[in-house]
Amino acid sequence: MANSKRARRGKPLIQPRGRAYLRSNDLQSALERIRQAARLDKQLRFTSLWHHVYNVDRLRRAYKSLKRRAAPGVDGETWQHYGEDLEANLRDLSARLRRGAYRAKPVKRTYIPKPDGRQRPIGVPALEDKIVQRATVEVLNAIYETDFKGFSYGFRPGRGPHDALDALTVGIEWRKVNWVLDADIRGFFDAIDHEWLERFVEHRIGDPRVVRHVKKWLRAGVLEDGEWRQVEEGTPQGGSISPLLANVYLHYVFDLWIDQWRKSAGRGDVIVVRFADDFVIGFQHRETAEQCLAELRERFKKFKLELHPDKTRLIEFGRFAADRRKRRGDGKPETFDFLGFTHICGKSRKGGRFTIRRHTMRKRLHRKVREVREELYRRRHEPTAVIGQWLRTILVGHYRYYGVPHNSGRLSAFRYYIVRAWQRALRRRSQKDRTIWVRMDRLADRWLPVPRIQHPYPAQRLCV
């Protein structure tokens with residue numbers, strides 16, 4: 001009836017879409033054509049991609065997807081300042097990309113402390129490098145997402161760490177897994193060989209302009225303490241292109257190899273879950289696990305990678321591990337850590353069925369509490385409402401990631417430690433302060449949410 005009235009008034013039944021919608025639709029249509037071609041022919045080399053990257057609309061999307069408050073790179077350009085004359089800046093950037101006048105800038109390197117006392121290098125690319133890298137990744141993902149294996153979860157659109165955690169849990173619980181190889185690649189992002197990486201990229205990408213710009217980012221070097229230094233290996237950490245290049249490298253070095261190995265050489269069930277440079281392989285037989293580990297070391301050595309000797313372990317784990325170890329007098333099954341959780345062999349309360357319990361890693365929990373305690377000490381003189389709101393965001397973020405089934409105890413412990421840290425900070429305001437637990441209970445009830453399980457059971461999520 002409403003449409004009939006609109007038609008009698010001479011108005012269109014459907015309002016025309018805005019220009020922004022049409023531009024977005026055109027960009028997605030172009031990517032879909034690339035995706036279909038990549039899916040139909042796994043050996044196809046794409047020779048004309050660069051015009052999709054320097055498209056002004058795609059560059060604008062890339063700019064708007066960046067973090068607003070990110071630290072500036074070597075050029076000192078911020079997101080806000082660049083956006084003051086955004087259209088002119090993007091047209092100029094597009095023109096430079098089109099005629100080959102664009103130059104990649106060095107990555108500003110900073111360091112953050114690691115839990116083991118060492119320093120982790122973090123790169124801060126220039127703003128325009130971030131924009132172009134983000135646009136390039138959007139185009140290349142249309143190709144590589146059709147190639148990447150299903151057991152690869154790190155830094156991929158539509159996939160996250162909880163997808164990897166659920167896949168691992170379901171794989172161990174439902175398949176015949178008795179041994180688990182928990183592996184970590186030593187200094188992976190700094191050990192990637194440029195020559196091998198370029199060969200892997202050229203296997204699928206035949207557009208010389210795309211390959212040339214990938215080489216520019218790899219060879220732009222780093223600026224550290226005001227001095228420029230050439231980098232012969234590794235990817236520019238901090239840039240949008242780095243996770244994709246890392247996945248491409250491991251796709252050819254590890255994913256394709258292990259997928260073929262478990263079909264030919266592997267005996268019994270073999271499951272694989274990889275998230276970036278951390279991966280877990282489950283085996284039915286110990287002999288198969290030891291053979292895979294030996295051949296994997298040789299495989300990585302060929303491509304200048306190395307398994308971390310302290311973080312790579314083969315342990316007995318699975319539904320029969322507890323009974324077998326008890327008969328031998330070896331005690332409880334060992335545990336392993338993956339993506340912030342300690343995985344433990346357990347049994348369900350109803351029926352005693354084998355299940356995997358995932359608890360927050362103790363090191364992660366205590367490190368986070370220590371960071372919050374130090375920040376509370378610095379901010380102890382701020383108003384109580386301000387501190388309470390800040391702590392609320394900390395707890396909500398913690399629950400959102402670690403709120404998995406069977407982890408309620410660690411969630412409650414984290415909240416308790418935060419309440420105690422807040423009480424100590426309040427007492428440090430003055431020598432006469434007497435902040436007792438009655439007041440802390442009221443503050444905690446007012447500002448600090450109680451723990452809640454945020455995620456379903458792994459099998460429920462995967463079935464959906």
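Reader: How do E10 and E11 pair, and over how many bridges?

Author: Strands E10 and E11 pair in the antiparallel sense, over 7 bridges. Bear in mind that this is a predicted model.

Reader: Which residue stands opposite His343 in E11?

Author: Arg358 is the one opposite His343.

Reader: How many residues lie between E10 and E11 in their hairpin?

Author: There are 6 residues between the two strands of that hairpin. Gly351 sits in the turn, with a positive phi of about 95°.

Reader: And what joins E9 to E10?

Author: 3 bridges join strand E9 to strand E10, residues 341–347, and the two run antiparallel. In that pairing, Phe338 faces Phe341 of E10. These strands also make a hairpin, with 2 residues between them. Leu339 in the turn has a positive phi of about 55°.

Reader: What is the strand order in the sheet that holds E9, E10 and E11?

Author: The order is E9-E10-E11, in an open sheet of 3 strands with antiparallel pairing. E9 (336–338) and E11 (354–360) stand at the edges with a single partner strand each, so one side of each has no neighbour in the sheet. On average, neighbouring strands here are turned by 40° against each other, direction ignored.

Reader: Is E10 mostly covered or mostly open?

Author: E10 is mostly covered, with 5 of its 7 residues buried.

Reader: Which helix lies across E9, E10 and E11?

Author: Helix H8 does, running at about 150° to E11.

Reader: Pockets next. How much space lies in the second largest pocket?

Author: About 330 Å³. The lining has 15 residues, and the closest to the centre are Ser348, Arg353, Thr355, His406 and Tyr457.

Reader: Which elements give two or more residues to the lining of that second largest pocket?

Author: Those elements are H8, E11 and helix H19, residues 458–463. E11 gives the most, with 4 residues. So H8 and E11 turn up twice: H8 lies across E11, and both contribute to this lining.

Reader: Switching to the sheet with E6. What is the order there?

Author: The order is E6-E7-E3-E8, an open sheet of 4 strands with antiparallel pairing. The edge strands are E6 (270–275) and E8 (313–316), and each of them pairs on one side only. Neighbouring strands in this sheet are turned by 15° against each other on average, direction ignored.

Reader: Over how many bridges do E6 and E7 pair?

Author: E6 and E7, residues 278–283, pair over 6 bridges in the antiparallel sense. Within that pairing, Gly282 in E7 is the bridge partner of Ile271.

Reader: What lies in the loop between E6 and E7?

Author: Ala276 is in that loop. Its phi is positive, about 60°, although Ala276 is not a glycine.

Reader: What sign of phi do most residues other than glycine have?

Author: Most of them have a negative phi.

Reader: Is Ala276 buried or exposed?

Author: Ala276 has a relative accessible area of 9%, and the cut-off for buried is under 20%, so Ala276 counts as buried.

Reader: Where is Phe155 found?

Author: Phe155 is in the loop between helix H7 (127–144) and helix H8 (161–174). Phe155 also has a positive phi, near 55°, and is not a glycine. Its relative accessibility is 46%, so Phe155 counts as partly exposed.

Reader: Back to the sheet with E6. Which helix lies across E3, E6, E7 and E8?

Author: That is helix H13, residues 286–302, which runs at about 150° to E7. Strand E3 covers residues 179–184.

Reader: How many disulfides does the structure hold?

Author: The structure holds 0 disulfides. Cys292 is in none, and the nearest cysteine sulfur to it, that of Cys345, is 20 Å away. For Cys345, likewise in no disulfide, the nearest cysteine sulfur is that of Cys292.

Reader: Is Cys292 buried or exposed?

Author: Cys292 has 0% relative accessibility, so it counts as buried.

Terms used:
Residues are numbered from 1 along each chain as its sequence is written. This is a predicted model: local features need pLDDT of at least 70, side-chain atom pairs count only at pLDDT 80 or more; totals for chains, interfaces and linings use all residues. Side-chain values use heavy atoms; hydrogens and water are left out. A disulfide is a pair of cysteine sulfur atoms within 2.5 Å. Buried means under 20% relative accessible area, exposed over 50%, partly exposed in between (1.4 Å probe, protein chains only). Two strands pair if DSSP finds at least two bridges between them. Axes are lines fitted to C-alpha atoms, for helices over the stretch in contact, and angles run from 0 to 180 degrees between N-to-C directions. Contact means heavy atoms within 4.5 Å. On a 1 Å grid over the protein atoms alone, a cavity is a set of points where a 1.4 Å probe fits but cannot get out, and a pocket is an open set with protein on both sides within 12 Å along at least five of seven lines; lining residues have an atom within 4 Å of a point. Grid points are joined across faces, edges and corners, and a volume is the space filled by probe spheres set on the points.
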